[in-house]
Amino acid sequence: MEYIRAEANGQLFLEPQTKEHLRIPSFLYGFKNEETTTEIAHSGRTVFCFRGRLAVEEEDRVCKCGKRMHINAHPDIILRHLCFGGNLSCVLFPHNQFKCPACGATKSQFISFKAIGHRMTEELYQYTRDLLAIGTYTNKQVAEITGLGKNTVKAIDKKRLQELYTIDGKELIKPEKTTKILGIDEFKLHNGRKYATHIIDMETGHILWIANGKKKQVVYDFIDHVGLEWMDSVEAVACDMNSDFQEAFEERCPHIQPVFDHFHLVKNFNDKVVSEVRKDEQRRLYEAGDFEAAKALKKTRYILMSKRSTLQKKDQEAKAGRVIHRGSPLFGTSDVVRKSGYEEKYDALLRENALLFTLDLIKEKLDEAYRDTDEARMAEKIIDIMDICEATGNSHLLWFRKLLDEHFEGIIAHATFQITSGKVEGINQKIKTLRRHGYGYPDDEYFFLKLFDASRRTYDRNPKSHRFCD
């Protein structure tokens with residue numbers, strides 16, 4: 001059998017003794033396979049080694065001075081090629097080096113199918129890029145599929161991302177499309193020892209900027225990147241209670257309205273008020289000798305922080321026989337039937353403790369306020385909540401009153417813009433998932449580029465090819 005290159009389309013013909021031909025589209029232009037051997041790699045996988053020679057084109061022999069060059073040496077070169085199922089493959093042939101007898105210049109033979117900067121074929125290089133761009137596989141999985149090293153896979157992926165989102169691999173490409181609403185939030189890097197901040201387009205969910213830190217400078221750098229003219233189209237920015245973000249936007253772009261959504265406000269209320277009040281009440285009851293009432297407050301954090309509608313849903317699922325899947329039966333675990341009585345226990349807690357009843361009242365009033373679409377009416381409802389907090393005299397509720405007062409304009413602005421944190425929290429979940437699948441990314445630049453790519457739509461190598469599926 002012999003592989004012969006077809007000049008028209010670069011296919012290799014496997015020509016046996018019969019008249020039937022097996023056409024293999026290899027795109028190894030100029031290469032003629034003379035012998036195929038099998039070897040065993042260090043990983044234990046079989047390697048098909050296609051040995052042969054590369055045709056010498058006439059332009060390869062021409063020197064810059066115009067004289068004809070001669071072959072000075074021809075050391076062997078090995079290029080990794082596409083896998084055949086679970087088997088690896090490579091192409092081996094003499095790589096001619098030419099020397100000019102007139103001026104003494106030297107050059108190597110041009111290999112049309114070699115990937116630039118790598119000892120692999122262009123087809124394997126592009127196949128690796130496609131696997132990475134899909135976003136389904138981790139770098140480790142792509143390395144196992146292609147037979148390449150993890151560092152090589154990372155280098156290919158980083159270059160792919162730099163071509164998409166940077167100018168010459170250094171500066172981020174400025175977003176072409178303007179947006180009316182931005183979202184900003186910080187996230188943890190490297191097990192919480194370091195923070196970074198991302199700014200997204202709330203209309204598309206695309207990440208526009210990522211930088212280390214969670215201070216004002218991140219916002220300043222983003223505004224310098226996109227320019228004040230681009231920022232003129234922005235009307236509001238969704239953010240948490242980080243005062244640095246709010247102040248930075250107000251300093252550089254005073255026309256932008258910070259908006260604090262329901263999620264972040266309730267999170268502050270649950271973490272800093274409900275949780276602390278429960279602990280204080282449990283401690284007070286123990287000191288007063290009411291051990292039964294103190295014991296009733298144990299393991300009630302989830303119940304006190306949940307909405308009544310959530311508790312009702314849990315009870316309905318329990319009555320319907322819904323179960324909680326914990327682990328897998330394969331590892332000796334079983335499904336657990338949901339417990340009912342959440343709402344009943346919640347009502348019992350409210351009846352026995354006036355302060356917990358006040359917390360429930362504030363939660364309901366917050367929900368009602370955030371459903372309003374008129375800023376004036378929403379302002380009245382928030383002021384009513386502030387008055388309730390002040391009337392209790394409780395230190396935690398007084399802290400919450402101060403929080404509402406300091407962020408009053410951004411809170412009632414929700415009535416106009418109706419911004420939710422859905423897209424921001426969605427990006428945060430993608431960050432956690434990507435970091436977990438990749439076992440962490442010590443290269444921050446590469447990690448940020450991966451996040452840019454993850455926030456965009458699914459990669460399509462050749463959209464026009466879909467016409468063949470019609």
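Begin by selecting Val274, Leu304, Tyr346, Leu350, Leu356, Leu359, Asp360 and Lys363, which together line the largest cavity of this predicted model. The space enclosed there comes to about 40 Å³, and a search of the whole structure finds two cavities of 30 Å³ or more.

With that selection still shown, colour helix 11 (342-352) and helix 12 (354-370), each of which supplies at least two residues of this lining. Helix 12 gives the largest share, four residues. If you then colour the lining by residue class, six nonpolar and two charged residues appear, with no polar ones; Asp360 and Lys363 are among the lining residues and count as charged.

Next, move to the second largest cavity by selecting Ile184, Ala238, Cys239, Val259, Asp261, His264, Ser421 and Val424, the residues that line it. About 40 Å³ of space lies in this second cavity. Coloured by class, its lining divides into five nonpolar residues, two polar residues and one charged residue.

For the last stop, leave the cavities and select Asn33, which is found in strand 4 (residues 31-40). Is Asn33 buried or exposed? Its relative accessible area is 4%, so Asn33 is classed as buried, the cut-off for that class being under 20%. Now display the side chain of Asn33 together with Glu35 and Thr36, and look for two pairings: a polar atom of the Asn33 side chain lies 3.0 Å from the backbone oxygen of Glu35, while the side chains of Asn33 and Thr36 make a polar contact at 3.1 Å.

Notes
Residues numbered from 1 in each chain as written. Predicted model: local features only at pLDDT ≥ 70, side-chain atom pairs only at ≥ 80, totals over all residues. Heavy atoms only, no water. 1 Å grid on protein atoms, 1.4 Å probe; cavity = no way out; pocket = protein on both sides within 12 Å on 5 of 7 lines; lining within 4 Å. Points joined across faces, edges and corners; volume = space filled by probe spheres on them. Buried < 20%, exposed > 50% of the residue type's maximum accessible area, 1.4 Å probe, protein only. Polar contact = N/O pair within 3.5 Å; in protein donor to acceptor, adjacent residues only side chain to side chain.
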